[in-house]
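I sat down with this model to look up a helix pair and some charged side chains. Here are my notes, in the order I took them.

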Amino acid sequence: MFFDTHAHLNAEQYNEDLQEVIDRALSEGVSNIVVVGFDRPTIEKAMELTEKYDFIYASVGWHPVDAIDMTEDDLQWIEELSGHPKVVALGEMGLDYYWDKSPKDIQQEVFRKQIRLAKKVKLPIVIHNRDATADIVEILKEEGAGEVGGIMHCFSGSPEIAKECVDMNFYISLGGPVTFKNAKKPKEVADAIPLEKLLIETDCPYLTPHPFRGKRNEPSYVKLVAEQIAEIKGLSVEEVAQATTENAKKLFGIN
């Protein structure tokens, strides 16, 4: 059974056929999905999905691209939602220096506030990182984020940075890019990081794995990520599925 630890089934790309997408996931052996909310509308939809499906959980937080829009009321709302039994993490949060909608200092401030909240409510965090690795690692260390740990979502850095994050109590999550023929780093990370610190995800509808690259991603494709990791590590797909599912359940506190 596969655990898709990062999906956006709350995205408008699934408005027409969400039930069919979920049915396909179940038929491919996906046992659990965490739907990630990162602003008001996506958090609301994620919470709706957790109420409707017993195998869907939510992570709630504020995306760095939209950090400039986050208010104290939003942070208070996230804190209230953190007490919901199916909210298993805070995020995605982090830094994104690719898009320039939110200034870096505001992104960093919002990131720090969410880490502090996670420590207060004792939930792990889901980290979004784009072109900001050094600052992310520094802030995680300065804020003592290892106290709650979490996930380096769709990790794209080097094995050395991955090991540094593992030492800070973070799991390394790999998605579609590990299946891309030209993606050297994710494959190196899959090889270097022990299975007990790896997670799998789709980040659907984005980052669709080979051979469906360019089409809409969906949770049923998480199996392709597991297959690639299994090939790299010389393991069976079942071993990768079992270990990454156990890792996710342990991190999220799911029995």
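**Helix pair and salt bridges**

I started with two helices, and α4 and α5 turn out to be oblique to each other. A note to self before going on: this is a predicted model.

Entry one, the angle. I looked up the axes of α4 and α5 (residues 133–142), which cross at roughly 40 degrees and come within 10 Å. Angles under 35 degrees would count as roughly parallel and those from 65 to 115 as roughly perpendicular, so oblique is the right word for this pair. I also noted the hand of the crossing: α4 passes α5 in a right-handed one.

Entry two, the contact. Which residues make it? From α4 I listed Q108, F111, R112 and I115, and from α5 D135, I136, I139, L140 and E142. Sorted by type, the contact residues of α4 with α5 are 5 nonpolar, 1 polar and 3 charged.

Entry three, a salt bridge inside α4. I found K113 and E109 joined by their side chains, with N to O at 3.3 Å. Why can these two be about one helical turn apart? Because K113 and E109 lie 4 residues apart in helix α4. K113 is partly exposed at 25% relative accessibility, and E109 is partly exposed at 40%.

Entry four, the count. How many salt bridges does a search of the whole structure find? My search result was 16 salt bridges. Side chains of opposite charge can pair when their charged atoms come close.

Entry five, R40 and D74. I have their side chains meeting in a salt bridge, 2.8 Å from N to O. This pair links distant parts of the chain: R40 sits in helix α2 (residues 40–52) and D74 in helix α3 (residues 72–81), 34 residues apart. Is D74 buried or exposed? D74 has 6% relative accessibility, so I put it down as buried. R40 is partly exposed, with a relative accessible area of 31%.

Entry six, D66 and K101. These two form a salt bridge with their closest N and O atoms 2.8 Å apart. Here, too, distant parts of the chain are linked. I placed D66 in the loop between β3 (56–60) and α3, and K101 in the loop between β4 (87–96) and α4 (104–121), with their positions 35 residues apart. D66 is buried, having a relative accessible area of 16%, whereas K101 is partly exposed at 43%.

Entry seven, a network. I finished with D17, R24, R216 and E218, which salt bridges link into a network.

Terms used. Residues are numbered from 1 along each chain as its sequence is written. This is a predicted model: local features need pLDDT of at least 70, side-chain atom pairs count only at pLDDT 80 or more; totals for chains, interfaces and linings use all residues. Side-chain values use heavy atoms; hydrogens and water are left out. A salt bridge is a side-chain nitrogen of Lys or Arg within 4 Å of a carboxyl oxygen of Asp or Glu. Buried means under 20% relative accessible area, exposed over 50%, partly exposed in between (1.4 Å probe, protein chains only). Axes are lines fitted to C-alpha atoms, for helices over the stretch in contact, and angles run from 0 to 180 degrees between N-to-C directions. Angles under 35 degrees count as roughly parallel, over 145 as roughly antiparallel, 65 to 115 as roughly perpendicular and the rest as oblique. A crossing is left-handed if the near helix is turned anticlockwise from the far one by less than a right angle, and right-handed if clockwise. Contact means heavy atoms within 4.5 Å. Ala, Val, Leu, Ile, Met, Phe, Trp, Tyr, Cys and Pro count as nonpolar, Asp, Glu, Lys and Arg as charged, and the others, Gly among them, as polar.
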